[in-house]
Structures are given as C-alpha cells and as structure tokens.
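Hello,

Here is the structure we talked about handing over. Please open it alongside this note.

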Amino acid sequence: MQLRFACEDTGAEYVSRKGWQQATLSRCPLHPQGGCRFARHGTYARVSPPGTLITRDYCPDGHRTFSLLPDCYAARLSGQLSEVEAVVRAVEQAPSQAAACVGLRLDIELPGVQRFVTRRVQAVHQALVVLKGLVPERFGRCGPTLLAFALVLGVSGVLVALRGLAEPWLQQLPTPLGFSPRRQPGGGRDRARQHRAGADPPGLMA
Ligand SMILES: [Zn+2]
C-alpha cells in the first residue's frame with residue numbers, strides 16, 4: 001500500500017538530495033506494538049522526474065509492502081501533483097476543455113489527449129467533493145474546484161497542501177491526490193462508503 005512521506009521538496013529537489021534515503025517508517029503500520037519482522041525493502045523507480053526512487057518497507061508477517069510517496073508526487077500517475085494541478089486549473093479557467101488543451105499546448109487531435117485531461121479533472125474534482133463532505137467546516141461552502149480550494153487555503157499548490165491536510169483520509173481519497181485506486185466517476189455508493197470510512201485511523205486500512 002502507498003503511504004504519505006511528508007516532504008516539502010519538489011520532485012527535482014527530492015531527486016537531487018536523494019530524499020528516499022531519509023524516507024522511513026519508524027514502525028510497522030500493521031503492528032505498531034512491534035514484534036514483527038518489518039524492515040526496509042529497497043526502492044522502486046518512477047519515470048518522472050528521472051532519477052526518482054521511492055522507498056519501500058515490507059512486513060513479512062503481514063505480507064504487505066509499504067511505499068512512501070513524497071507529497072509532491074501524483075499517486076498512480078506519472079509525474080507530480082503540480083503537473084496534475086496545472087492541467088485541472090487550466091480546464092477550470094478555460095471556456096472549454098479544447099481551449100484548455102490549446103493553452104496547455106496539448107494537441108487535442110492526438111489519441112488519448114482528451115482521456116488524459118478528463119481523467120485528471122474527474123479524479124481531482126471527485127476528491128474535492130469527498131473532502132467537502134469530510135471537512136464541511138472548512139470546505140463546505142466552497143465549490144469543488146482547485147480555484148475555490150486555493151482561495152480557502154491561501155496557497156497556490158492545493159494538491160500538495162491537501163496531502164497534509166487530508167492525511168487521515170488518503171487511503172479513501174481517489175488517486176492521484178489520495179491513494180485509493182478505486183475510482184467510480186459519479187459513483188454515489190462508493191462515495192458514501194468513503195465517508196463512513198473517513199473516521200478510521202490513517203495507514204491501517206487495506
Ligand atoms: Zn508488521
């Protein structure tokens with residue numbers, strides 16, 4: 001499973017300072033009381049930025065691997081959250097997705113470009129809708145857009161900031177912000193389940 005590595009680096013900074021060498025879990029998420037054979041389990045490489053390595057830990061007793069994803073990286077998408085945010089914000093501000101693609105210098109005629117953009121916009125907006133429900137006192141009155149969340153939070157990098165703010169729910173929030181691979185655009189039942197699971201402690205869910 002993926003876990004958060006709290007880190008203020010950009011991807012380039014993380015690579016240049018070999019941030020994976022500092023990334024570690026103090027104890028096994030499955031057995032916080034100790035007594036298991038939890039240990040480091042090497043690293044795996046990400047494509048972008050080049051040179052990125054992600055730390056892995058492993059609990060042989062729980063048969064589970066944990067990867068420590070720095071805050072700047074998108075989960076289960078290549079690249080960084082800042083790149084995802086740039087795409088979503090462009091769409092939020094453009095009169096159409098096609099116009100946003102022009103602004104992003106993406107060739108909308110190319111196969112996969114529409115899907116590339118739609119996937120990011122839907123996944124991010126779905127996560128914001130869930131967060132509005134989880135933290136209504138903070139986000140209940142704003143729209144489920146990065147522009148609206150940026151105003152509430154007073155930051156430019158909303159997704160990176162939300163990795164920290166939403167840490168208790170990262171296992172329930174859809175990727176690339178959260179770590180839940182399950183994503184059902186418009187799926188009310190899934191959303192309801194995520195709300196109920198929201199009060200569980202972080203890092204202990206399957
Ligand atoms: Zn363990």
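What share of the 206 residues in the chain is buried? The share is 44%. Keep in mind that this is a predicted model.

**Overall fold**

The chain has eight helices and four strands. Their order along the sequence is β-α-β-β-β-α-α-α-α-α-α-α. Take the contacts between residues at least 6 apart in sequence: 54% of them join residues at least 24 apart. The exposed surface of the chain is about 10,500 Å². Carbon and sulfur atoms account for 54% of that surface.

**The zinc site**

Which residues coordinate the zinc ion? They are C28, H31, C36 and C59. The cysteines bind through SG and the histidine through ND1, at 2.1 to 2.3 Å. In sequence, the donors are spaced C-x2-H-x4-C-x22-C. C36 and C59 link distant parts of the chain, 23 residues apart. C36 belongs to the loop between helix 1 (11-16) and strand 2 (39-45). C59 is in strand 3 (residues 53-59).

The geometry is tetrahedral, because the four donor atoms subtend angles of 104 to 114° around the zinc ion. For reference, the ideal angle for four tetrahedral donors is 109.5 degrees. C59 has 0% relative accessibility, so this residue counts as buried; the cut-off is under 20%.

**Two threonines**

Start with T52. This residue sits in the loop between strand 2 and strand 3. Is T52 buried or exposed? T52 is buried, because its relative accessible area is 1%. A polar atom of the T52 side chain lies 2.6 Å from the backbone oxygen of P49. Setting aside neighbours within four places in sequence, T52 contacts Y14, V15, W20, Y44, A45, R46 and Y73.

Now T10. This one is in the loop between strand 1 (2-5) and helix 1. Its relative accessible area is 38%, so T10 is partly exposed. Which residues does T10 contact, leaving aside neighbours within four places in sequence? They are C72 and Q80. Y73 also comes into the picture here: its C-alpha atom is 8.4 Å from that of T10, with the two positions 63 residues apart along the chain counted as their separation.

**Where to look**

Begin at the zinc ion and its donors C28, H31, C36 and C59. Then go to T52 and its contact with Y73. Finish at T10 and its contacts with C72 and Q80.

Best wishes

How values were computed
Residues are numbered from 1 along each chain as its sequence is written. This is a predicted model: local features need pLDDT of at least 70, side-chain atom pairs count only at pLDDT 80 or more; totals for chains, interfaces and linings use all residues. Side-chain values use heavy atoms; hydrogens and water are left out. Buried means under 20% relative accessible area, exposed over 50%, partly exposed in between (1.4 Å probe, protein chains only). Contact means heavy atoms within 4.5 Å. Accessible areas come from the Shrake-Rupley method with a 1.4 Å probe; for residues, only the protein chains shown count as cover. Donors are N, O and S atoms within 2.8 Å of the metal (3.2 Å for Na, K and Ca); water is not among the atoms, so sites may look incomplete. Four donors count as tetrahedral if all angles lie between 85 and 135 degrees; four count as square planar and six as octahedral if opposite donors are over 155 degrees apart and all others between 65 and 115; anything else is irregular. A polar contact is a pair of N or O atoms within 3.5 Å; within protein, one must be able to donate a hydrogen and the other to accept it, and residues adjacent in sequence count only if both atoms are side-chain atoms.
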